[in-house]
Each structure stands twice: as structure tokens, then as C-alpha cells.
Amino acid sequence: MGSNPPSGWRRLSIGIIGGGIGGMSAAIALRRAGHDVTVYEKHDFAGEVGASVSCAANGTRWLHEWGVDVAKGDPVVLKKLINRDWKTGEPVSVYDLDDYEERWGFVYNMFHRQYMHAMLKDCALGEEGKGRPAKLRVNHQCQSIDSNTGKITFTNGVTAQHDLVVGADGIGSVVRREIGIHPAKRPSEQSCLHANVTTEEAVKLGLVDYSQHSALEYWGGQEGKWDKIVLSPCNGGKLLSYYCFFPRSVGDYSSHTWGNDDRPVEELLAPYPDLDAQVLAHLKIGKEIRPWRLWVHDPYPYIHKGVVCLLGDAGHPMMPHQSQGACMAIEDAAALGILFSENYFSGDISEALAVYDAVRLPRVTRVQSAAAKAAYNINERIGFSQNKDIPTYQVEDEKKKLTIEEMNAYDMYKDIEQALAERRGAAFREKYIRGLPVGLELPSGIIIGQEA
Ligand SMILES: Cc1cc2nc3c(=O)[nH]c(=O)nc-3n(C[C@H](O)[C@H](O)[C@H](O)COP(=O)(O)OP(=O)(O)OC[C@H]3O[C@@H](n4cnc5c(N)ncnc54)[C@H](O)[C@@H]3O)c2cc1C
């Protein structure tokens, strides 16, 4: 780093609560930084659901930096974002991703969650790769934590103590409660049912082969309504993962969880009498129809206390409409990996966690609020937010909309260096502000370094 290189690096013993996408990412980043990592997962395996999860360039870049075998995730590399008319299915707004890798250095991947999780788990626990393999302790449900000492008590009676504890225990986080955060939350006005369709079955029935588009496709979203169908192909295009949104007044699943019985297909179709017949025909052969409960959490005031910090959905649950939940968890993990690496860690855990808080909270909060807006207006979604020329384009505030540049031109190293320099009273002379290059012009009209 530019100023005051630290000399006090020491190997830490780190406990990660939760072995999901965020927990495994943190295990990879922190083992690579030289630390001894143990992941505690409440289930006997870190169960993932059968649905897609997207990983834009801001997430993919870290997978490459960490040496993750991305091919194991059997991704579809996205070529387009397509927003279609609700009734006719005609494209309304299209965002081309043809030059995406050229512009941002990394592709936009669409994974199956189980494959993505397995890919991360192998990298975290495997013998290969930098650092010592992380250990996984299953059937360890965190009950309480002492945030001063790092002592963890599990419901099975086991206790453990670590220098640093990372709470990656998802939206219902116990760790969050233990560091004194009690979320202001409410069920979303929107409900969601998820369904899987195999491309093979759809093609056999003579239906449109959406897998050929390699696109994230949306029906609706321009009318200021909660109704929206989101189609994402995964498993190399063999599986089509459908997220089907509708008003909560039509069906309330806010208290349902994954793992309950599948819902009947009639329930999936009921809210959509006038939906484009081509996509409706796909939904009619939908399998594994399950509710996805949607809760809106106001941003938290902090994400660390003592030697404990939060990561991923535990620290900033968000609506799914920017497809950034997993990416933000991966970015959190990357931030911890940098802050506790030899080049940046002075040996002072409280300094590192204060900077983690300072760097992560503003960025995740911005994405969180943009995700809530995009729930009922697709023009607020990264990518579509550049398409100002379509007749129905409108956003709440042009200057505040979230843009692809902010997501992908962001340099986390520079952001951390600036925050560390500020904390250490040192000068920061790089031409970056909060990780974005000075002079970068955003489609919102904002030029970094020239804001009023
Ligand atoms: C169906 C679905 C689709 C999604 N699609 C996308 C998408 O396309 N793009 C995107 O970016 N994001 C998407 N997201 C959001 C994204 O998956 C999450 O934001 C991301 O997985 C965050 O992961 P996490 O590790 O923080 O939490 P989780 O994945 O919820 O993992 C938490 C883990 O902690 C464990 N745990 C919980 N409590 C305890 C405890 N007390 N003790 C020990 N272990 C505990 C759980 O068993 C679980 O394994 C989607 C989410 C869902 C559910």
C-alpha cells in the first residue's frame, strides 16, 4: 500500500458463523490472507436451494483473484439483459453485454446456487490454493457470542474462542442480534414464487428455447407494479430458473421458508391471467415451486462490534432486484481478505474492522436502497438504468440512480487505502475517491470528484 505499510501482521484464529455463499467466500479470502479459519454451519451440510444466482463482474473478479475454479460452477455467461412487454413478450428495453468483459475485465456469470456453493466450498476447504485449508464444523448452530472476547457458544453445548468472528449467518442472523442490532424490518409489498423448468422438457414440448438467448430476461417492470417474471438460465443453459413476483395482497408468503413442500402449479399461474403466452407455457411446466419470502430491512447503523463483524445477508439483506446479494457478500469477503492481509493489517483488529465498516456500509446501503426501488421500476436496475431513450424510461432521481460504472469500475484496494490513510492520519494521494477514479463520468451525469 502507498503509505505507512504495517509491520505488525500476525496470524489470527478466525471463526466464521454460517457456511453459505458469503461464509465460504470469507473463508477463501481469509485463508489466503494467511489465517487459520474455521467455518461453523448449523446444518449437517450447508444446504443451498435449487435456483440460480448471478455473479456480475464485481463478484466474478474476486473469484478469479482467489483462484476459484469457476468452470466447476457450470455457469451461463450472460450476453444480454432483456426487458419484455408483460403481455406480448416483445423486447422493451435491452442492455447488451457483448462488450461487458472487454469493458470490465470479467464476465457476468449465472450460476446454479448449489454448484456455486460447492465451487466455493471446495476452494475454501481444499488442500490446493494459497493458505491453510479452512475447517468446516457442521451441526454447530451459534447461540451466543461475547463480542469482546470472541467466545462463541453453540446450541450443541460446544464453545469456541477466536481472535475474530465473522457473522455470515444470513438474513435471520443470530450474530447480528448478539452485537446489538435489532432490525427495523417489514414484509415486502411483493411476494415471490420460484420455479424450475428444464430446457429439455420445454424444447420437447415445442416451447421457446430461452436458453439460446444467454440472457437474464424480465417480463414487466415498466408499469410501476409489483408483477414481474425474471428468467435466468443456469447449469450451462440446461436449467431455467424463474422468479415470479406479484403483489403480497394476491398471495402472502412472508412467513414461509425454503424447505417446505412444493406449491401446486395453479398457485404459480393464478396471479398471471394476461401474461405473455410463451413464458406462461414455461411456467405451466414449472417444478419445485417454492415461495421466497421477501423482507425489507432498513440499513443497519454499523456492521461490527468488538472482534465481531457481519457479512452478506446478515449485515445487509436486500431485495433481489439488482441481483447483487451474492456479489455484495463476495465483496465483503474480499474486503476482509485485503484488510487482514500482510500488506494492510497492522495487527490491530479494531482498526481493520472500523475500516471494514467504513468501506462496506456506504456501498452496500446504496445497493440495498437501489434494489428496493428496482422492485417496482426496472429502469432503476443496473444496466437498464443506462437506457434513457426508451419511451417509458423514468427513475426516481436521475442523479441518484445506481449505474454499472459504480459497480464495476470500483477499486476496493483504493477505497481501503483511502479509509486506512484517513484513520492513520496519513495522506492519500491517489486519484480515487471512495474507490472510484476521479473524472469517471457516470450515466447519471455525476462526474467523480466534481459532485456539488
Ligand atoms: C432463491 C434466491 C435467489 C437469489 N438470487 C440471487 C442472484 O441472482 N444474485 C445475487 O447476487 N443474489 C441472489 N440472492 C441473494 C444471495 O443468494 C444472498 O444475498 C447471498 O447468498 C448471501 O449469502 P449469505 O452467505 O450471506 O447468506 P445465506 O446464503 O443465507 O447463508 C447463511 C448460512 O448460515 C447458516 N446459519 C444460519 N444461522 C446460523 C447459526 N445460528 N449458526 C450457524 N450457521 C447458521 C445457514 O444455514 C446458511 O448456510 C438470492 C437469494 C435466494 C434465496
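1. A polar contact is taken here as a pair of N or O atoms within 3.5 Å, and the contacts discussed below are read from a predicted model. By that cut-off, a backbone N or O atom of Cys142 makes a polar contact with the ligand, since it lies 2.9 Å from one of the ligand's nitrogen atoms.

2. Two further backbone approaches involve oxygen atoms of the ligand: a backbone N or O atom of Gly325 lies 2.9 Å from a ligand oxygen, and for Ala326 the corresponding distance from a backbone N or O atom to a ligand oxygen is 2.8 Å. Taken alone, the ligand exposes 1,000 Å², of which the protein buries 89%.

3. The shell around the ligand comprises 33 residues, and the closest of them are Gly22, Glu41, Arg113, Asp313 and Ala326. By class, this shell divides into twelve nonpolar, 15 polar and six charged residues.

4. As to where the shell comes from, the elements that contribute two or more residues are α1 (21-32), β3 (52-55) and α9 (325-339). At the level of domains, at least three shell residues are drawn from each of domain 1 (1-43 + 137-182 + 297-375) and domain 2 (50-110 + 188-292).

5. Turning to the chain as a whole, it contains twelve helices and 23 strands, and its C-alpha trace spans about 65 × 55 × 40 Å along the principal axes. The radius of gyration is 22 Å, which agrees with the value near 22 Å that a compact globule of 452 residues would have. Buried residues account for 56% of the 452 residues in the chain.

How values were computed. Residues numbered from 1 in each chain as written. Predicted model: local features only at pLDDT ≥ 70, side-chain atom pairs only at ≥ 80, totals over all residues. Heavy atoms only, no water. Near = heavy atom within 4 Å. Polar contact = N/O pair within 3.5 Å; in protein donor to acceptor, adjacent residues only side chain to side chain. Areas by Shrake-Rupley, 256 points an atom, 1.4 Å probe, with all protein chains shown as cover. Helix = DSSP H or I, 4+ residues; strand = E, 2+ residues; numbered from the N terminus. Nonpolar A, V, L, I, M, F, W, Y, C, P; charged D, E, K, R; others polar. Domains from an automatic or database assignment. Rg over C-alpha atoms; globule rule 2.2 N^0.38 Å. Buried < 20%, exposed > 50% of the residue type's maximum accessible area, 1.4 Å probe, protein only.
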